[in-house]
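Subject: Helix packing, for your files

Hi,

Here is the structure I said I would pass on. Have a look at it first, and my notes on the helix packing follow below.

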Amino acid sequence: MALVRRHVTKKNLVKHALAVEAVLRSLARLFGEDEEVWGIAGLLHDLDYETTVDDPPRHGYVTREMLEGDDLPDEILQAIVAHVGHEGVERKTLLDKAIYCTDPVTGLIVASALMHPSKSLAGMDAEFVGKRFREKRFAAGADRDAIAECRELGLELHVFLGIALEAMQGIAGDLGLQGTAHRSSGGAAT
């Protein structure tokens, strides 16, 4: 987290890193993988984003260069580069495949929460997110093709959306999406 605080100044980018970390930790548990390795990869995956935003071909590579002396497993460094989807970079490991589809799904879920009547993650379910997924103009920056690559993990889309949503609901307070009780037109708290 110290590295994130040192290199990332935008609050929403920090929240994004936390969301990707949470989802990857959940996926690591599901697949019996090392939760720490997967979580660290998620937390650090966009460390260079602010410095490479105007030079996308360098995104991921700069983070790898920044971290090479930090004695991190090669698996983390490879996943950080693989998450971008650079041409010629093969997604070899399960972590590479997981981070690739997790990165954009977190943005789709946040955008879904912001337009949900509850304005929170708590009020949503995977079906709601799935409907937003099918609305191509909604959160257009959330790469649907990359999200759909969850099939490389052996997961159907609705299952992957549910896993990601549940993981993010677990850190909703950190993401600023915990919401509060909401009164519907019927007067009952929802």
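A crossing counts as right-handed if the near helix is turned clockwise from the far one by less than a right angle, and as left-handed if it is turned anticlockwise. With that in hand, the crossing of helix 3 and helix 7 is right-handed. Bear in mind that this is a predicted model.

Staying with that pair: helix 3 covers residues 35-44, and its axis lies 11 Å from that of helix 7, at an angle of about 40°. Angles under 35 degrees would count as roughly parallel and 65 to 115 as roughly perpendicular, so helix 3 and helix 7 come out as oblique to each other. On the helix 3 side the residues involved are V37, W38, A41 and G42, and they meet L94, L95, A98 and I99 of helix 7. By class, that contact has seven nonpolar residues, one polar and no charged.

Helix 7 (residues 94-115) also packs against helix 2 (residues 11-31), with the axes 9 Å apart and an angle of about 135°. These two are therefore oblique as well, and their crossing is right-handed. Helix 2 brings H16, A19, V20, V23, L24, L27 and F31 to the contact, while helix 7 brings L94, L95, A98, I99, T102, D103 and T106. Sorted by class, that gives 10 nonpolar, three polar and one charged residues.

Where does helix 7 kink? The kink, of about 25°, is at T102, shortly before the proline P104. T102 is also one of the helix 7 residues that meet helix 2. As for length, the 22 residues of helix 7 should span 32 Å at 1.5 Å a residue, and the C-alpha atoms at its ends are 32 Å apart, so the two agree.

The last pair is helix 2 with helix 10 (residues 157-169), whose axes come within 8 Å and cross at roughly 120°. Helix 2 and helix 10 are therefore oblique to each other, with a right-handed crossing. Here helix 2 uses A19, A22, V23, S26, L27 and L30, against F160, I163, A164, A167 and M168 of helix 10. The split is 10 nonpolar, one polar and no charged. Among the helix 2 residues in this contact, A19, V23 and L27 also meet helix 7.

Cheers

Conventions: Residues numbered from 1 in each chain as written. Predicted model: local features only at pLDDT ≥ 70, side-chain atom pairs only at ≥ 80, totals over all residues. Heavy atoms only, no water. Axes fitted to C-alpha atoms, helices over the stretch in contact; angles between N-to-C directions. Helix = DSSP H or I, 4+ residues; strand = E, 2+ residues; numbered from the N terminus. Parallel < 35°, antiparallel > 145°, perpendicular 65-115°, else oblique. Contact = heavy atoms within 4.5 Å. Nonpolar A, V, L, I, M, F, W, Y, C, P; charged D, E, K, R; others polar. Expected span 1.5 Å × (residues − 1). Bend = angle between axes of the 7 residues up to and from the residue.
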